[in-house]
Amino acid sequence: MSLHRANFLALVPPPGRLTVDIGCDDERVTPDLRAAGHRLVGVESAPSQVALEDGAADLAVAFMSLTDVEDLPAVARELGRVVAPGGRLVAAVVHPLSTAGAFQEDGRFRIDTYFDRRHLILEDYSRALEPAGFLFERFREIYDEEHENWSRVPPFLDFTAVRA
Amino acid sequence: MSWTQEAENWIAWARTGDDGYTGYNASFFELLPPPTGRTIELGCGEGRVARDLRARGHDVVAIDAVPRLVEAAAEADPAGEYVVVDAAALPFPDRSFDLAVAYNSLMDMDDMESAVREAWRVLRPGSRFCVCVTHFVNDAGRFEPDSPDGAFFIDAYRGRRAFDEVAERDGVVIRFVGWCYPLESYTRALEDAGFLIEAIREPLPSPERVASATRAPRRLRIPNFLMIRAVKPA
């Protein structure tokens, strides 16, 4: 199992009533969640509508499936609707630092513009989740120890948020 | 301790010209809940944030570990309450404040985590801790060349790194000594203390700042500050 998947799964709470698996994919965390005993409802990568009653789920999991979402606030709103108060969202995204720039040939990481609408920055996630009723509990910056460059700049950011 | 040595320089720095404070403070005040009850400010320096909070209706106790800075803050605002004390060991009872504020001070404390824990302890359940720190991107590198259109290069991001740089502006020279942290260090300190994060802001400088300071336009590309509003769950 990749280190990132292992780190991510450590953030996922034990199975509850129902877990929404966003961007379910047998290549990624879906089999792990199933093996851990989660009752899964899989939805596409950018669910603007989830066919569940309000508060039907107590967990939503998004492993690398929010990054390419076009309307993150709408997705967050829908997750806020289907996740019951006290439930959680656990997500892995590309780290805004890593998507703000690129490694040069000399190994240095160069950023021209962090405030670039072509990637999501930290504030974008906050602005989307706030009105949906989620509060951030944890952030974990994920490095790749096997690659010198990515052991210095974290390629991924995992977070958990609780539905107020 | 460097801030004791740099106290006079900081007073001059904060009170001469504009170091960018007015280009960002509106974003911070927007993040604050409306004034209610008592507010504590951690690391008040010469007192400009406490004065601004009081002008906005907050009932403020402002603390700083450096006696000369607290003296200067009290001189500038005789009716205010300014106390010499370490943010990592507050002499106030549990649950005695309704808002805690740390504006560009956590990164200058040697024990940032204890200060965050103390903020949690002195806050009433359901109340907020609002923080501004230098942004994790800004802390990790430098503009090259050091010009308005220079690109930004990351030197080191991972782990806590010591910061020690001399700056000069409007005839004032100051040595800034403190710490640089990755994002997770701040969020872990909040998490470990028991806070939840409600809002994160990466503000742009105000249009006035961009128009008036030659190097401010590069802050439309690279963030300078990170602002967080956390809540102590009820």
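**Exercise 1. Describe the residue that follows helix H8(B), and decide whether this helix is enclosed or open to the surroundings.**

Step 1. In this predicted model, helix H8(B) is followed by Gly194(B), a residue whose phi is positive, near 115 degrees.

Step 2. Turning to the helix, which covers residues 183-193 of chain B, we find that 8 of its 11 residues are buried, so it is largely enclosed by the rest of the structure. A residue counts as buried when its relative accessible area is under 20%.

Step 3. The buried residues of H8(B) can be named: they are Leu183(B), Glu184(B), Tyr186(B), Thr187(B), Ala189(B), Leu190(B), Glu191(B) and Ala193(B).

**Exercise 2. Work out how H6(B) and H8(B) are placed against each other, and which residues make their contact.**

Step 1. Helix H6 (residues 112-122) of chain B packs with H8(B) at an angle of about 40 degrees, and their axes are 9 Å apart.

Step 2. Because of this angle, H6(B) is oblique to H8(B), and their crossing is right-handed.

Step 3. On the side of H6(B) the contact is made by Met112(B), Glu113(B), Val116(B), Arg117(B) and Trp120(B), while H8(B) contributes Ser185(B), Tyr186(B), Ala189(B), Leu190(B) and Ala193(B).

Step 4. Sorted by class, the residues of this contact comprise 7 nonpolar, 1 polar and 2 charged.

Step 5. The spacing of such residues can be read with a general rule in mind: an α-helix has 3.6 residues a turn, so residues three or four places apart point the same way.

**Exercise 3. Carry out the analysis for helices H3(B) and H4(B).**

Step 1. The axes of helix H3 (residues 21-31) and helix H4 (residues 48-55), both of chain B, come within 12 Å and cross at roughly 50 degrees.

Step 2. The two helices, H3(B) and H4(B), are therefore oblique to each other, and H3(B) passes H4(B) in a right-handed crossing.

Step 3. Tyr21(B), Asn25(B) and Phe29(B) of H3(B) meet Arg48(B), Val49(B), Asp52(B) and Leu53(B) of H4(B) in this contact, whose residues divide into 4 nonpolar, 1 polar and 2 charged.

**Exercise 4. Trace the open sheet that contains strands of both chains, and find its edges.**

Step 1. The sheet has 4 strands in the order S5(A)-S6(A)-S7(B)-S6(B), and the pairing is antiparallel.

Step 2. Its edge strands are S5 (101-103) of chain A and S6 (141-144) of chain B, each of which pairs on one side only.

Step 3. On average, and with direction ignored, neighbouring strands of this sheet are turned by 30 degrees against each other.

Step 4. Where the chains meet within the sheet, strand S6 (residues 109-111) of chain A pairs with strand S7 (residues 151-154) of chain B in the antiparallel sense over 3 bridges, and Arg110(A) stands opposite Phe153(B) in S7(B).

**Exercise 5. Determine how far S7(A) and H3(A) are covered, and name what covers the buried residues of H3(A).**

Step 1. Strand S7 (residues 134-142) of chain A is mostly covered, since 8 of its 9 residues are buried.

Step 2. This strand, S7(A), pairs with strand S8 (residues 156-163) of chain A in the antiparallel sense over 8 bridges, with Phe136(A) opposite Ala161(A) in S8(A).

Step 3. Helix H3 (residues 72-82) of chain A is mostly covered too, with 8 of its 11 residues buried, among them Leu72(A), Val75(A), Leu79(A) and Val82(A).

Step 4. The cover over the buried residues of H3(A) includes strands S1 (19-22), S3 (57-63) and S4 (83-94), helix H5 (122-129), and the strands S7 and S8 of chain A.

**Exercise 6. Locate the backbone features at Met64(A), Arg95(B) and Pro145(B).**

Step 1. Begin with the general background: most residues other than glycine have a negative phi, and most peptide bonds are trans.

Step 2. Met64(A), in the loop between S3 and H3 of chain A, has a positive phi, near 60 degrees.

Step 3. Arg95(B), in the loop between strand S3 (81-84) and strand S4 (97-103) of chain B, also has a positive phi, near 55 degrees. At 48% relative accessibility, Arg95(B) counts as partly exposed.

Step 4. The peptide bond from Glu144(B) to Pro145(B) is cis, with omega near -5 degrees, and Pro145(B) lies in the loop between S6 and S7 of chain B.

Terms used: Residues are numbered from 1 along each chain as its sequence is written. Chains are lettered from A and ligands numbered from 1 in the order in which they are written. This is a predicted model: local features need pLDDT of at least 70, side-chain atom pairs count only at pLDDT 80 or more; totals for chains, interfaces and linings use all residues. Side-chain values use heavy atoms; hydrogens and water are left out. Two strands pair if DSSP finds at least two bridges between them. Axes are lines fitted to C-alpha atoms, for helices over the stretch in contact, and angles run from 0 to 180 degrees between N-to-C directions. Angles under 35 degrees count as roughly parallel, over 145 as roughly antiparallel, 65 to 115 as roughly perpendicular and the rest as oblique. A crossing is left-handed if the near helix is turned anticlockwise from the far one by less than a right angle, and right-handed if clockwise. Contact means heavy atoms within 4.5 Å. Ala, Val, Leu, Ile, Met, Phe, Trp, Tyr, Cys and Pro count as nonpolar, Asp, Glu, Lys and Arg as charged, and the others, Gly among them, as polar. Buried means under 20% relative accessible area, exposed over 50%, partly exposed in between (1.4 Å probe, protein chains only).
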